[in-house]
Amino acid sequence: MFDVDWKTPHLWRKTARPRTTAPSLEGDLKTDVLVVGGGFTGMASALGARDSGVDVIMLEGNEIGSSASGRNNGLVISHHSKASPSEFEATYGKQVGERYNRMVAQAAGVAFGLMQRFGINAHQVQEGWIQPAHTEKTLARARQFHDEWKAFGADVSWLDRDEVTARIGSPYLGGWIVHNSGHINPFAMTVGLAGALENEGVRIFENSRALRMEKVQGGWRVHTASGSVTAPQVVLATNALTNDIWPGLKRTLIPFKVFQAATDPLPEQLRSQILVGNPAVSDMRNDLRYFHYDVDNRLVSGGTHTFWNNEAERGRAKVADLLGKAFKAFGGKPVINEYWHGTFAVVPDFRPRLFRLAPGVVFGGVYSGRGVALSMSLGQEIGRWAAGCRTDDQMPLPVTDMRPVPFHPIAVQVANRTHAWNRYKDSKT
Ligand SMILES: Cc1cc2nc3c(=O)[nH]c(=O)nc-3n(C[C@H](O)[C@H](O)[C@H](O)COP(=O)(O)OP(=O)(O)OC[C@H]3O[C@@H](n4cnc5c(N)ncnc54)[C@H](O)[C@@H]3O)c2cc1C
């Protein structure tokens, strides 16, 4: 159910610069840091390690960006998934909590900074991310997020009812904007980052799934179908599609399937009323609404299915319905032609994970749907750590043992089938 049809072109891939796929691994190689997984976390880890001066190899099971990193909505957001800065400090303690909050506050800026550093054209737009509130309860929560980040020193502003409604083109009670945030074509970003890594001397192998690993003299040997890599330090950045490479690892996260869809390019007459100024937006519904324009002025949104039969047809219809209701300017339902899906990893407490699986083996990631910006910051820190330039105490997250999700098979089913309930709850508010 969670595998992606990664060879089928989707909007982001169709509108990104093409890239020549790297070779697959043949034979036995050695390196200082081996990164498994070619999403944003893996690529940022490879960059962090390489910038620290060590030799790096990256193995990707399919194609760079074939999973969540290349298929997501493209919202680049400096804010937690469902928590405020004080709530993170309550969980992690003052020192680590503050360090983590600082990383999150800067994460979007770091992501846009990478595009600048490497001259990456990811169709990036840094016009802020707005989180509007549709009920009094969510308005209070939005106010709390705004006030706490403002006190923390983040560049955020409050938007009153008229302002937020005019900017979005849809009625809301108020909201807040994070100015360093925005949106990208995420697949174009994966293409750009892969090129940058190759230029920096990282050896990338695609269509090279890591199948198993063993402890050997001087580190770990990781095997693919046609070769192996031996390294003292191994970073597993395999996210939702984690296989059996490490016993029990896939039971620490819940794969969560989401679809995306986009309108045809919208004319200026509609764009002057919908998402004025080209911000990124996601609201606070349980079944949240989110949207931004792509480079050709398509409005890109998405949703979830409880059952995945007839998924494309039903997904297009759902998004047409959602956008028609959200934006009166359409005067009905817009035409939706683009449809694709992806899978990300979620955990019950919505907190990212950093596991030391054994001496020399770490797993990092799991952003519960908020990983575009964060993965690029956390990944680089993981790479520096693997290269020996960070101690556990300097990391922005506690380094822990594996933490399996309780009742994992049931949790996977429940998480992927609560959409109808979420929509019902939304309809009652
Ligand atoms: C539809 C959708 C919409 C989303 N929208 C947003 C958004 O707008 N904003 C936001 O912040 N976040 C969003 N997210 C979440 C975000 O995309 C992810 O949090 C982030 O991309 C995770 O990056 P990653 O590198 O950890 O994982 P991935 O991108 O999943 O990368 C993991 C990689 O590891 C590879 N792999 C797995 N096992 C092996 C193995 N054994 N050997 C070799 N390779 C392996 C996989 O093929 C994959 O390429 C969305 C996700 C989806 C699916």
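How many bridges join strand S13 to strand S20, and do the two run parallel or antiparallel? In this predicted model, three bridges join S13 to S20 (residues 361-365), and the two strands run parallel. Within this pairing, Phe-363 of S20 is the bridge partner of Leu-236.

The pairing belongs to an open sheet of six strands, in which the order is S9-S3-S2-S13-S20-S19 and the pairing is mixed. The edges are occupied by strand S9 (203-205) and strand S19 (353-358), each of which has a single partner strand, so that one side of each remains without a neighbour in the sheet. On average, and with direction ignored, neighbouring strands of this sheet are turned by 20 degrees against each other.

Strand S2 (residues 33-36) alternates in the direction of its side chains, with Val-33 and Val-35 pointing one way and Leu-34 and Val-36 the other way, and all of these residues are buried. On one hand, S2 is joined by four bridges to strand S3 (residues 56-59), with which it runs parallel; on the other, four bridges join S2 to strand S13 (residues 233-236), again in a parallel arrangement. Val-36 takes part in both pairings, since its bridge partner in S3 is Leu-59, while in S13 it stands opposite Leu-236. The connection from S2 to S3 passes through helix H2 (residues 40-51), and this β-α-β crossover is right-handed.

A further helix, H11 (residues 372-386), packs on the sheet and touches S2, S13, S19 and S20, its direction making about 170 degrees with that of S20. Helix H11 also meets H2: the axes of the two helices come within 6 Å and cross at roughly 40 degrees, and the crossing is right-handed. On the side of H2 the contact is made by Phe-40, Thr-41, Ala-44, Ser-45, Leu-47, Gly-48 and Ala-49, and on the side of H11 by Val-372, Ser-375, Met-376, Gly-379, Gln-380, Ile-382, Gly-383 and Arg-384. By residue class, the contact of H2 with H11 comprises seven nonpolar residues, seven polar residues and one charged residue.

Elsewhere in the chain, Thr-343 is placed in strand S18 (residues 336-346). The relative accessibility of Thr-343 is 1%, and this residue therefore counts as buried. Leaving aside residues up to four places away in sequence, Thr-343 touches Phe-2, Val-4, Ser-67, Ala-68, Ala-240, Pro-255, Phe-256 and Lys-257.

Notes. Residues are numbered from 1 along each chain as its sequence is written. This is a predicted model: local features need pLDDT of at least 70, side-chain atom pairs count only at pLDDT 80 or more; totals for chains, interfaces and linings use all residues. Side-chain values use heavy atoms; hydrogens and water are left out. Buried means under 20% relative accessible area, exposed over 50%, partly exposed in between (1.4 Å probe, protein chains only). Contact means heavy atoms within 4.5 Å. Two strands pair if DSSP finds at least two bridges between them. A crossover is right-handed if, with the strands pointing away from the viewer, the path from the first strand over the helix to the second runs clockwise. Axes are lines fitted to C-alpha atoms, for helices over the stretch in contact, and angles run from 0 to 180 degrees between N-to-C directions. A crossing is left-handed if the near helix is turned anticlockwise from the far one by less than a right angle, and right-handed if clockwise. Ala, Val, Leu, Ile, Met, Phe, Trp, Tyr, Cys and Pro count as nonpolar, Asp, Glu, Lys and Arg as charged, and the others, Gly among them, as polar.
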